[in-house]
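Student: Please choose one part of this protein and take me through it closely. I am new to predicted models, so please explain each term as you use it.

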Amino acid sequence: MKSILKFSLVFVTILSSISLCAQGRGGEGKHNMFGFKAAATIFDIKTNNFNTVAESGFIGGLATRGDFYDNWDIQFGINISNNKLKVEAREIPIVTSIEEIEYSLLNAQIHLLFGYKIFWGNKRLDNKFKLTAELGPVLMINSKMKMANEDKENYIIEETLITAKELTDVTPINVNGLVGLSMGLSRLRIFGHYQYGFNNFLNKLNKIEGNTEKFKGHVSMYQFGVLLYF
C-alpha cells in the first residue's frame, strides 16, 4: 500500500506540473478554472472468462481546466469512485442454480485530458455555449473488490474453477483511456465519458496456485455527470 501511495504522489506531482505549464500557454490566468465533478457511473469488466452484469455507482472529485493551444484546452483532475458489478456464480458447480454475486470497487483516479472545442462562443471562456470532444489517459489506483455478501465467499464463479473470494484480488494500478464529450456554459457543463482499461485487470488471478486458466479482463466504465467551475 505504501508503494502505491508513493507512486500516486509522484504521478500527481508530474501531471500537476504538466497541467500548469500547459495552461500557461493559454496566455491569460483568467483562462484557468477550478471546479468540482460529480457523476453516476456504469462499471463492468470486459472478459470472456465469466459472465458479469454492469451496475451503477458514483464518482466525484476536483478538476482544473485551461486553454492549451488554439482550439484545444487541457484538464487535470483527481477523483474518488465507488463502483459495483455482479458476477454469476454457483454454490456447487453444475448442481445448484446460478446466482449473481455483487462486488464493489473503491478507487482513486487521476486524469489528464485534452479537449478539442467543436463549438464555442469565442476563444475566451465566457458564458456562451460550448461543445468539446475530450480524450486522454487515466491512472486508476484501487483496492481489492469487496463482496456485498461474504457468506458466499466459497461459491464457484460460473465457467471457472476459482472462488468468489479469489476474484476479489484484482490489479491495484490500472491505466485507462478516456473519450467523451462535454457541453454547456463556461462555468457549468454536463459530460458523458467512457473509460477502457489497457492492462489486464484480472492478471492476479493467473498467479493463484494450481490455476490452469488464463484470465484476462479490462475495465469498462461509463460516466455521466456535471462539472461546476469557479
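**A close look at one aromatic cluster**

Tutor: Across the protein, confidence is lowest in helix α1 (residues 2-24), with a mean of 51, and highest in strand β9 (residues 188-197), at 97. The score behind these values is pLDDT, the predictor's confidence in each residue on a scale from 0 to 100, while helices (H or I, at least four residues) and strands (E, at least two) are DSSP runs numbered from the N terminus. This is a predicted model, in which local features need pLDDT of at least 70 and side-chain atom pairs count only at pLDDT 80 or more, although totals for chains, interfaces and linings use all residues. Residues are numbered from 1 along each chain as its sequence is written, and side-chain values use heavy atoms, with hydrogens and water left out.

The protein averages a pLDDT of 86, and 83% of its residues score at least 70. Over residues 1-5, however, pLDDT stays under 50, and the model has 3 contacts (heavy atoms within 4.5 Å) for them beyond four places in sequence. Residues 22-30 are also below 50, and this stretch has 14 contacts in the model beyond near neighbours in sequence. Where pLDDT is low, the predicted coordinates should not be read in detail.

With that caution in mind, we can turn to the aromatic rings. Rings of Phe, Tyr and Trp (its six-membered ring) pair if their centres lie within 6.5 Å, and planes under 30 degrees apart count as stacked, over 60 as edge-to-face and the rest as tilted. By this rule there are 6 aromatic pairs. One of them joins Phe34 and Phe36, which meet edge-to-face with 5.9 Å from centre to centre and 75° between the planes. Phe36 also pairs edge-to-face with Phe230, at 5.6 Å centre to centre and with 80° between the planes. Phe36 lies in strand β1 (residues 33-47) and Phe230 in the segment after β10 (217-229), so this pair ties together parts that are 194 residues apart in sequence.

Phe34, Phe36 and Phe230 thus form one aromatic cluster. To say how open these residues are, we use relative accessible area: buried means under 20%, exposed over 50%, and partly exposed in between (1.4 Å probe, protein chains only). Phe34 counts as partly exposed because its relative accessibility is 39%, and Phe36, at 43%, likewise counts as partly exposed. Phe230, at 56% relative accessibility, counts as exposed.
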